[in-house]
Amino acid sequence: MKVIVIGATGGSGRAVCDALLARGHDVTAVSRHASRLPSREGLTRLDLDASDEEALRGAVAGHDAVVVTLGISEPTVRVRLRGPRSTPRDIRSRGTAAVVAAAREAGIRRIVVQSSYGVGETRDRLTLTDRILFALLIRPQIIDSEIQEGVLRGSELDWTIVQPVYLTDAAATERHVSEDGAVRRRRVSRAAVGDAHADLIESGAAIRRTVSVSG
């Protein structure tokens with residue numbers, strides 16, 4: 001398959017690219033600095049702004065599916081206190097809206113989008129500690145993720161929302177994927193989430209559903 005990954009230079013985006021390439025898929029990595037990724041067989045690197053709908057139209061054409069892993073890859077506390085330096089605060093919702101429009105025009109139906117556990121359907125499953133941390137540290141990002149999910153739910157595309165719990169850089173790919181919000185552990189590696197994305201792309205499962213990914 002030919003898969004385009006939007007937000008490919010963040011930790012999750014890199015993990016998705018790794019998982020797809022390992023399975024023999026052709027991957028187009030899109031980010032403002034995608035050319036900084038190491039050159040690899042099967043990987044095309046494309047530097048562009050994910051919120052640029054016009055540029056995305058040309059980028060997504062010819063692909064079978066889209067994966068979106070947009071986010072703010074900056075220190076959490078500084079972002080909360082002073083705002084992000086180089087990434088729009090609403091990058092998830094704005095970028096996803098642009099991707100949905102570009103995919104629609106290109107005739108691409110399959111889109112898998114990473115959000116966060118505790119948004120939308122899983123909000124009521126957060127612990128008290130989680131709720132406090134979310135309110136203190138990442139409330140603006142959670143609000144943006146809520147809007148992002150609304151963009152998908154309002155589209156006619158074959159979307160799946162992926163909600164990982166707390167992410168780590170461990171190498172383990174053990175994962176527990178559920179459609180009812182149940183989690184096994186409160187942490188999961190980015191590598192495991194990357195494989196979960198690849199599973200969804202290959203299987204076409206969980207159409208118009210939210211899946212939770214834990215370790």
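Helix H5 (residues 128-137) and helix H6 (residues 139-153) have axes that come within 5 Å and cross at roughly 100 degrees. The two are therefore roughly perpendicular, a label for angles of 65 to 115 degrees. This is a predicted model, where local features need pLDDT of at least 70 and side-chain atom pairs count only at pLDDT 80 or more, while totals for chains, interfaces and linings use all residues. Residues are numbered from 1 along each chain as its sequence is written, and side-chain values use heavy atoms, leaving out hydrogens and water.

**Where H5 meets H6**
- Phe134, Ala135 and Leu137 of H5 make the contact (heavy atoms within 4.5 Å) with Arg139, Gln141 and Ile142 of H6.
- By class, that contact has 4 nonpolar, 1 polar and 1 charged residues.

**The nonpolar cores**
- The largest nonpolar core (buried Ala, Val, Leu, Ile, Met, Phe, Trp, Tyr and Cys joined through side-chain atoms within 4.5 Å) has 32 residues.
- Here, buried means under 20% relative accessible area with a 1.4 Å probe, protein chains only.
- Val5, Leu20, Val27, Val67 and Val162 have the most contacts inside this core.
- Elements that each supply at least two of its residues include strand E1 (2-6), helix H1 (11-22) and helix H7 (190-203), and H7 gives the most, with 6 residues.
- Another core lies apart from it, with 25 residues, among them Leu48 and Trp159.

**Strands E1 and E2**
- E1 and E2 pair (at least two DSSP bridges) in the parallel sense over 5 bridges.
- Val3 stands opposite Val27 in E2.
- E2 is mostly covered, as 5 of its 6 residues are buried.

Definitions and conventions. Buried < 20%, exposed > 50% of the residue type's maximum accessible area, 1.4 Å probe, protein only. Helix = DSSP H or I, 4+ residues; strand = E, 2+ residues; numbered from the N terminus. Axes fitted to C-alpha atoms, helices over the stretch in contact; angles between N-to-C directions. Parallel < 35°, antiparallel > 145°, perpendicular 65-115°, else oblique. Nonpolar A, V, L, I, M, F, W, Y, C, P; charged D, E, K, R; others polar.
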